[in-house]
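Reader: I should like a close look at the aromatic rings of this chain and at what surrounds them. Please take the ring pairs one by one, and then proceed to the neighbouring loops and the strand hairpin.

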Amino acid sequence: MYGKCGSIGDAEKVFDRMTERSIFTWNAMIGACVVNGVPFRALELYKDMRFLGVSLDAHSLSSTIKAISQLEFLYCGREIHGLAIKLGLISNVFVLNSLVTMYTKCDDIRAATFLFNGMCEREDTVSWNSMISAYVINGMNQEALSLFVDMLNASVEPTTYTFVGALQACEETKFGKLGVEIHAAVLKFGYYLDTYVVNALLMMYTKNNKLDEAAKIFFHMQEKDNISWNSMISGYVQNGFYDEAVSLFHEMKNAGHKPDHVSLMSMLVASGRQGNLLNGMEIHAFSLRNCLDSDLQVGNTLVDMYAKCGKLDYMDSVGDRMLHRDNVSWTTIIAAYAQNNFPWKAVQSFREVQTEGSNIDDALMIGSVLLACTELRCNLLAKEIHCYVIKRGLYDPVIQKTLVSVYGDCGNVDYANSIFRLSEVKDVVFFTSMMCSYVCNGLANEALELMLYMNELEIEADSIAVLSMLTAAADLASLRKGKEIHGFLVRKGLLLHDSIRSSLIDMYACCGTLENSYKVFNYLKNKDPVCWTSMINACGLHGCGREAIDIFTMMEKENIQPDHITFLAVLRACSHAALVEDGKRMFKIMQSKYALEPWPEHYASLVDLLGRANYLEEAFQIVKTMNLEDIPAVWCALLGACQVYSNKKLGEIAAKKLLELEPKNPGNYILVSNVYAAIDRWDDVEDVRVTMKGKGLKKDPACSWIEVGDKVHAFVAQDKSHPECDRIYEKLAHLTEKLEKEAGYVAQTKCVLQNVEEKEKVKLLKGHSERLAIAYGLLASTD
């Protein structure tokens, strides 16, 4: 009596005072311990029985096995199994069912199946239910449903637990059709009013994305418990019907049902995905009033909700209130920092987890920390995490792919390449990560070579991989490769992807064939803003400013809303075509008509537009009046124009300001040096270069390339690294001599911004990277 009433202490007192104990007494006490969640005490009582020589019966073994199931002590379970065989109780249905359950809980499904298949008689419904449940728990849904069918064929009548188990197996989408058939069996056997069965039906239909069927069942239920409400609310959330979920949550409260932690978690997930902070805070307040915020899962979901709503201060507050934080808590916090541009906080949180001594085996947490490394561009930290995952045995293919991307973003292509090369499993995602790393680091040629290797392994590229390939082809201006990729897209039907369509337009423009960009653009029936912007940008690259404005006008007529990037493309097109008035007009339209606040890049483009047209004073006045003095791009554009038009005064101001704002950008030092060199201020040129060297800054040399056959050949100035170097220089000398004699060519040495003799300047011009590329192209075409 005491045991069934949950008073295990009183039951023990009565048991201890008994001078004589029958087998029934022992069994009752062991059963009370199992029911009240004290399995260790149940095992101690079993040992006492064995020590005192008390004879065991089927109920003794069955109760003890249940205690072992709770503790998941497989070795103890096997011992009892052996004892059951020894005592001749193995054929007892209660013992068998308990053993099947025990082996299931201990993840030994083979032993459970062996026991069930060895049963002489299978008329007991509990045996069938135990085995069906065992299969479902272990994710063996096919086997569970096959057993359910066998049960019906054996004329064993199903019960509530049978239907619940079978319907849980049908939550896997490929068994959805069979779930409908089981629904019919539920009606046939008269279980359509059973709340447990109906709840299982609800879950089955929601997991199979059949919300209409689930709603019909739910709203026709005569008795709804919390599981019913939670199942329906969860179904709406999982399928993206957040407003319906919120409405049903309020209906639940109005119906007199008190939401529990499961209800709150569903609502918090809905609030987070919607970015509905107000609704999320309302649920948070409800959890505080009802003392549900202390639940670990609710706390984790609150953290996630505030993170998704961008309220990291609120997230921190919830995290600080949590009595215990598990890996899910930390992973959510670290991911929130990394994704919301607080990489150092993500790293600090990771350090805190390590300090607490927690066993970090969560790939998502490691992935979030690596994302923070990417944001910080910190090679050292990436290497540290790399070592950590190897030592912890977490170095799986997913982490390897992430590391390739991280090292690529941090500029450490050698490490990325080493990981890729040594990996045993190379799929399309791995190849794409490596190609992106190459492209991001200006190694487009290597990216295209990787594409060939991918083809050799017969790994088919997806849309993401193709984007990297197109970017590489565009960077190299490799028309042949670009057309090959275009052909692949046509064959595979991937042209429907918006990002691919715009990338194709960009690629053809970068390869010098604006006509092909137009063809792709005109082929598209439904053009999104990105496609329009890409076409405007393509025209701008080719100096076709008027055409770019015409496309912008067409875009407006099609009622396509331009964005910041669109106006940036238009302004740059106007700048390259010297359309000053049109550029000014577009700048005004952007603010007055479309209410778009200009970015620093827009102001830089406007200054560049005015500077190219020699309106330097007007450009300078815009910089001063619009408070743009802290934007490096603006000064860079102004300085470039000052160099072209030899405006010493403004050039001096722009150079000083640019180096002040970006003291670690080597490109700025080169530009300032060139400005000084153009006006023969060689002492200042030397000072700039000494400063640059003192700060350890070095600019990568410019290069030119040419596509010959299936390979792109790159050259830098005075290049001697090409295998056919001698022949190239011979060809170049022959061409130069011919031009001088037949066309009157004279070297334009004023373009050589170095303090050397005139002859040396001529020599430097002859070794220009563009000349070397052209010479090799001519050489290759005559072979």
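Author: In this predicted model, ring pairs join Phe-148, Phe-163, Phe-189 and Tyr-191 into a cluster. A search of the whole structure returns 22 aromatic pairs. One of them is formed by Phe-40 and Phe-73, whose rings meet edge-to-face with 5.9 Å from centre to centre and 65° between the planes. This pair connects distant parts of the chain, since Phe-40 belongs to helix H3 (residues 39–52), while Phe-73 is placed in the loop between helix H4 (58–71) and helix H5 (74–86), 33 residues apart. Phe-73 has a relative accessible area of 22% and is therefore partly exposed, given that the buried class ends at 20%.

A further edge-to-face pair consists of Phe-420 and Phe-431, with centres 5.1 Å apart and an angle of 80° between the planes. Phe-420 is part of helix H25 (residues 413–422) and Phe-431 is part of helix H26 (residues 428–440), so the pair ties together parts that are eleven residues apart in sequence. Phe-420 and Phe-431 are both buried. Phe-420 has a charged partner as well: the charged end of Lys-426 is positioned over its ring, 5.4 Å from the centre. An arrangement of this kind is also found at Phe-218, where Lys-224 lies over the face of the ring at 5.1 Å from the ring centre.

The loop that precedes helix H25 deserves separate attention. Asn-412 is located there, between helix H24 (397–409) and H25. With a relative accessible area of 12%, Asn-412 counts as buried, because the limit for that class is 20%. Its side chain makes a polar contact of 3.2 Å with the side chain of Asn-379. When neighbours within four places in sequence are set aside, Asn-412 is in contact with Asn-379, Lys-383 and Tyr-407.

The strand hairpin comes next. Strand E1 (residues 703–708) and strand E2 (residues 711–716) pair in the antiparallel sense through six bridges. Cys-703 has Val-716 in E2 as its bridge partner, and Ile-706 stands opposite His-713 in E2. Two residues separate E1 and E2 in the hairpin, and Gly-709 in the turn has a positive phi of about 65°.

Positive phi values also occur in residues other than glycine. Gln-718, for which phi is near 60°, is found in the loop between E2 and helix H42 (725–742). Its relative accessible area of 32% makes Gln-718 partly exposed. Ser-646 is not a glycine either, yet its phi is positive at about 55°. Ser-646 occupies the loop between helix H38 (632–644) and helix H39 (648–661), and a relative accessible area of 48% places Ser-646 in the partly exposed class, because the exposed class begins over 50%.

Finally, the domain assignment gives a frame for these positions. It divides the chain into domain 1 (224–320), domain 2 (341–349 + 365–425), domain 3 (440–526) and domain 4 (703–781). The C-alpha centres of domain 1 and domain 4 are 69 Å apart.

Conventions:
Residues numbered from 1 in each chain as written. Predicted model: local features only at pLDDT ≥ 70, side-chain atom pairs only at ≥ 80, totals over all residues. Heavy atoms only, no water. Domains from an automatic or database assignment. Phe/Tyr/Trp six-rings, centres within 6.5 Å; stacked < 30°, edge-to-face > 60°. Helix = DSSP H or I, 4+ residues; strand = E, 2+ residues; numbered from the N terminus. Buried < 20%, exposed > 50% of the residue type's maximum accessible area, 1.4 Å probe, protein only. Lys NZ or Arg CZ within 6 Å of the ring centre and 35° of its normal. Pairing = 2+ DSSP bridges. Polar contact = N/O pair within 3.5 Å; in protein donor to acceptor, adjacent residues only side chain to side chain. Contact = heavy atoms within 4.5 Å.
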